[in-house]
Amino acid sequence: PVIYGHGNDPIHVTLPGHDTMMAIKHGGANALLELEIGGSIQLALTKQVQVDSIRRVIEHIDFVAVRLGEKVTVDIPIQLVGEAARDSLVVTENTTVSIEAEATHIPEYIEVDIEGAAVGTQIHASDLVLPAGSTLLTDPESLIVNITQAQEQELGEVAESESTEGAAAA
């Protein structure tokens with residue numbers, strides 16, 4: 001792993017594999033870790049993780065050094081909760097939003113409640129409930145979730161199209 005930031009030279013470190021994997025798995029894409037380097041504690045925010053796709057082990061991690069109270073820009077995943085109205089199709093247009101938040105208060109995800117949402121419901125970035133102290137950086141007009149009418153063919157239409165195809169093949 002390499003730690004960048006605050007105008008310092010990059011610091012190359014070796015971390016215990018299993019503990020690091022568990023910390024990142026638990027903390028998500030924006031895991032904040034306390035690393036002990038040369039006897040002092042350094043807060044480091046995960047910026048990029050490269051995983052060996054076959055062995056499923058971490059190959060390399062880039063961290064950015066942060067300080068307590070410092071604000072950072074991060075992309076936060078959207079997590080849908082609830083079920084939209086029957087016969088609707090839920091389309092997630094944007095799976096993440098960019099926010100500015102204190103390094104020690106980065107949310108793992110932003111919850112979007114779609115319980116009972118009717119066809120035609122649109123949820124924009126400006127509608128999201130952000131944690132206190134966070135600022136939305138994504139365009140407020142960005143469409144996050146769109147609830148549309150589910151497209152279902154009538155059984156008669158399906159039978160008719162199959163019989164037409166069968167006649168064309170014959």
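User: Hi! How do strand 6 and strand 8 pair, and over how many bridges?

Analyst: Hi there! This is a predicted model, and in it strand 6 (residues 71-81) and strand 8 (residues 96-102) are antiparallel, paired over seven bridges.

User: Which residue of strand 8 stands opposite Pro77?

Analyst: That is Thr96.

User: And what sheet do strands 6 and 8 belong to?

Analyst: They sit in an open sheet of four strands, in the order 9-6-8-11, where the pairing is mixed. Strand 9 (110-113) and strand 11 (135-136) are at the edges with a single partner strand each, so one side of each has no neighbour in the sheet.

User: I'm looking at Asp75 now. Where is it, and what does it touch?

Analyst: Asp75 belongs to strand 6. Leaving aside residues up to four places away in sequence, Asp75 touches Asn30, Thr96, Val97 and Ser98. Thr96 is 21 residues from Asp75 along the chain, yet their C-alpha atoms are separated by 5.9 Å.

User: How accessible is Asp75?

Analyst: Its relative accessibility is 46%, so Asp75 counts as partly exposed.

User: What about Ile78, buried or exposed?

Analyst: Ile78 is also placed in strand 6. With 14% relative accessibility, it falls under the 20% limit and therefore counts as buried.

User: Which residues pack around Ile78, then, beyond its sequence neighbours?

Analyst: Once residues up to four places away in sequence are set aside, Ile78 touches Asn94, Thr95, Thr96, Val97, Ile110, Val112, Leu128 and Ile144. For Asn94, the separation from Ile78 is 16 residues in sequence and 7.9 Å in space, C-alpha to C-alpha.

User: Moving along the chain, what's unusual about the phi of Asp87?

Analyst: Phi of Asp87 is near 60°, which is a positive value in a residue other than glycine. You'll find Asp87 in the loop between strand 6 and strand 7, and at 41% relative accessibility it counts as partly exposed.

User: Strand 7 comes next. Which sheet is that one in?

Analyst: Strand 7 is part of an open sheet of three strands in the order 7-12-10, with antiparallel pairing. Strand 7 (88-92) and strand 10 (122-124) stand at the edges; each has a single partner strand, so one side of each is left without a neighbour in the sheet. From one strand to the next, the twist averages 10°.

User: How many bridges join strand 7 to strand 12?

Analyst: Five, with strand 12 covering residues 143-149 and the two strands running antiparallel. In that pairing, Thr92 has Val145 of strand 12 as its bridge partner.

User: Let's go back to the earlier strands. How do strands 3 and 4 come together?

Analyst: Strand 3 (residues 32-37) pairs with strand 4 (residues 40-51) in the antiparallel sense over six bridges. The two form a hairpin with two residues between them, and Gly38 in the turn has a positive phi of about 55°. Leu33 has Ala44 in strand 4 as its bridge partner.

User: Does Ala44 show up again? I mean, which residue of strand 5 is its bridge partner?

Analyst: In strand 5, Ala44 is partnered by Ala65. Strand 4 and strand 5 run antiparallel and are joined by eight bridges. In their hairpin, which has six residues between the strands, Arg56 takes a positive phi near 60°.

User: And strand 1, parallel or antiparallel to strand 5?

Analyst: Parallel: three bridges join strand 1 (residues 2-5) to strand 5. Val2 stands opposite Asp62 there.

User: Switching to pockets. What volume does the largest one have, and which residues lie nearest its centre?

Analyst: The volume of the largest pocket is about 170 Å³. Its lining has 13 residues, and Leu15, Gly17, Thr20, Ile58 and Ile61 are nearest the centre.

User: Which elements supply the lining, and what's its make-up?

Analyst: Helix 1 (17-27) and strand 5 (58-66) each supply at least two residues of the lining. The lining residues divide into seven nonpolar, five polar and one charged.

User: Last one, the whole chain: how many helices and strands, and how much is buried?

Analyst: The chain has two helices and 12 strands, and 28% of its 170 residues count as buried. Among contacts with a separation of 6 or more, 59% are between residues 24 or more positions apart.

Key. Residues numbered from 1 in each chain as written. Predicted model: local features only at pLDDT ≥ 70, side-chain atom pairs only at ≥ 80, totals over all residues. Heavy atoms only, no water. 1 Å grid on protein atoms, 1.4 Å probe; cavity = no way out; pocket = protein on both sides within 12 Å on 5 of 7 lines; lining within 4 Å. Points joined across faces, edges and corners; volume = space filled by probe spheres on them. Nonpolar A, V, L, I, M, F, W, Y, C, P; charged D, E, K, R; others polar. Pairing = 2+ DSSP bridges. Axes fitted to C-alpha atoms, helices over the stretch in contact; angles between N-to-C directions. Buried < 20%, exposed > 50% of the residue type's maximum accessible area, 1.4 Å probe, protein only. Contact = heavy atoms within 4.5 Å.
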